[in-house]
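The following exercises ask the reader to work through one protein structure step by step. Each task is followed by a worked solution.

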Amino acid sequence: MPVTTTERGWKASVTRPVEWTAEVLPGLLDTTPDDVPDLFGDRKASPKRVLVVDTEVMNRHGDAILNLLARFDIEHPLPVIVPGGEAAKTRITANRITEAMEKFNVPRFGEPVLVWGGGVAHDVAGLAASQFRRGVPYRFYATTLVAAIDAGFALKVAVSQGWKNRVGAYHPAEAMFTDSGLFPHDRERTLDGTGEVLKWFCVDPDPTHFDHFEAHGPRVVQEHFRPDDPEALTIIRRTIAGMMRELAANPFEANSLRRSYVGHGMSPAFEPLVSHGQAVILDILLSLMIATRRDLIRASLRDRIVRVIRDTGLALWHDVLDDGPGPIMDALADTSRHRHGRMSIPVPYRRLGRVTYMQDISAAEVDTALHDLQGISKA
Ligand SMILES: NC(=O)c1ccc[n+]([C@@H]2O[C@H](COP(=O)([O-])OP(=O)(O)OC[C@H]3O[C@@H](n4cnc5c(N)ncnc54)[C@H](O)[C@@H]3O)[C@@H](O)[C@H]2O)c1
């Protein structure tokens, strides 16, 4: 019964099905309608689509994307070109996309907006799609590692306003497709995405996935997740599958005990001076230092994770940590406001595969963790 009578009135309660998909498609730009007929949604219902493309993606892959759309007989106006990077993650960019939707008269259903780019294009265009006509569908073609293994199917969209991701919504792309052959071969970008991959393997319920990353990850990272490398594909697929299961079990974050929160409680203190994935890793490192002091994990497990982080080329220390516990405590306070008043910082518990949640981390603990980490980073 969606509406029941209460003592003073009526109460409505409805559930809303949310479905979304994620696919790894090597050779995405060469796809034909025979291979993946629904790559751009139901073309028979309507072939019209608004197209949003990240600037760098347009420079590198613009012709191939336009050819691909032509092969699928997609009708579209000139693409809305949006810059990547945190500075572009604003309402201003989102408004440009909304204006294009209005101009092309995107209907409520049946003409999903096609978004090509990284996490910023996803989050900004997703927010615009969530607001236009109170929600129109969009499809996302992830061109960075971060977008492929996290943002593209993580349900959440946002722009930053003062604080990162402060204004947002839950509005997943109805379908995400990715191909690591599209990713930039830029060491910093690859490492950034690797931070999010490693984040997941630190808390993945299946500890053998960490073992696999430990064995192959550093090479795979060095080679920028080559699309013809089976180990790279395994790492990407396992991250997507694990994260998607985790998110779908708790899609609207009603439960704050969420494994995927690992690395995201303190990291806002380091951004945007530090890129997102690297900030997540600094957060994990400090969490591991605190967990060891609290006797939740042995130093040997802490050191094993630190070694893998170091072997991939991610930094163990950044100047931003010289600011001491103050900004980190501010970030933890904001994190608590987001998580029912509790910090709920996930860390491995005793062994990989198990997780516990740390509460009430004090400034003194953060200070000690910073000293411990500084020592380890210099060793
Ligand atoms: N929605 C979520 O749940 C979620 C999850 C994780 C991360 N994010 C967000 O994702 C963002 C980070 O994602 P990102 O690292 O992809 O950032 P990004 O989208 O800014 O891309 C990084 C840079 O790479 C460029 N670029 C993108 N694809 C390229 C390609 N194929 N070749 C060359 N250059 C390319 C972009 O123009 C940009 O300069 C952050 O804002 C983060 O908050 C969101």
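Two strands are said to pair if DSSP finds at least two bridges between them. The model examined here is predicted.

**Exercise 1. Determine in which sense β3 and strand β10 pair, and over how many bridges.**

Solution. Step 1: the required minimum is two bridges. Step 2: β3 and β10 (residues 175–178) are joined by four bridges, and their pairing is parallel. Step 3: a single position illustrates this pairing, for E23 stands opposite F177 in β10.

**Exercise 2. State the order of the strands in the open sheet and identify its edge strands.**

Solution. Step 1: the sheet consists of six strands, in the order β3-β10-β7-β6-β4-β5, with parallel pairing. Step 2: β3 (21–24) and β5 (80–82) each pair on one side only, and these are the edge strands. Step 3: from one strand to the next, the twist averages 15 degrees.

**Exercise 3. Describe which helices pack on or lie across strands of the sheet, and at what angles.**

Solution. Step 1: α3 packs on the sheet and touches β4 (51–54), β5, β6 (113–117) and β7 (138–142). The direction of α3 makes about 165 degrees with that of β6. Step 2: helix α7 (residues 230–248) lies across β3 and β10, and runs at about 175 degrees to β3.

**Exercise 4. Characterise the surroundings of the ligand, beginning with the number of residues around the ligand.**

Solution. Step 1: the ligand is surrounded by 26 residues, of which G85, E86, G119, T144 and K156 are the closest. Step 2: by class, the shell contains seven nonpolar, seven polar and 12 charged residues. Step 3: individual atom pairs are then examined. A nitrogen atom of the ligand lies 2.9 Å from a polar side-chain atom of R60. A polar backbone atom of G85 is 2.6 Å from an oxygen atom of the ligand, and a polar side-chain atom of T144 lies 2.6 Å from an oxygen atom of the ligand. Step 4: on its own the ligand has 860 Å² of accessible area, and the protein covers 90% of this. Step 5: two or more residues of the shell come from each of α1 (55–71), α3 (119–131), β9 (163–170) and α5 (187–203).

**Exercise 5. Establish how strands β11 and β12 run relative to each other, and what the turn contains.**

Solution. Step 1: strand β11 (residues 345–349) and strand β12 (residues 351–358) run antiparallel and are joined by five bridges. Step 2: V347 has T356 in β12 as its bridge partner. Step 3: the two strands form a hairpin with one residue between them, and R350 in the turn has a positive phi of about 65 degrees.

**Exercise 6. Locate a cis peptide bond and a further residue with a positive phi in the loops.**

Solution. Step 1: most residues other than glycine have a negative phi, and most peptide bonds are trans. Step 2: E271 and P272 are joined by a cis peptide bond, with omega about 0 degrees; P272 lies in the loop between α7 and α8 (276–293). Step 3: R133 is not a glycine, yet its phi is positive, at about 50 degrees. R133 is placed in the loop between α3 and β7.

Conventions
Residues are numbered from 1 along each chain as its sequence is written. This is a predicted model: local features need pLDDT of at least 70, side-chain atom pairs count only at pLDDT 80 or more; totals for chains, interfaces and linings use all residues. Side-chain values use heavy atoms; hydrogens and water are left out. A residue is near a molecule or strand if one of its heavy atoms lies within 4 Å of it. A polar contact is a pair of N or O atoms within 3.5 Å; within protein, one must be able to donate a hydrogen and the other to accept it, and residues adjacent in sequence count only if both atoms are side-chain atoms. Accessible areas come from the Shrake-Rupley method with a 1.4 Å probe; for residues, only the protein chains shown count as cover. Ala, Val, Leu, Ile, Met, Phe, Trp, Tyr, Cys and Pro count as nonpolar, Asp, Glu, Lys and Arg as charged, and the others, Gly among them, as polar. Axes are lines fitted to C-alpha atoms, for helices over the stretch in contact, and angles run from 0 to 180 degrees between N-to-C directions. Contact means heavy atoms within 4.5 Å.
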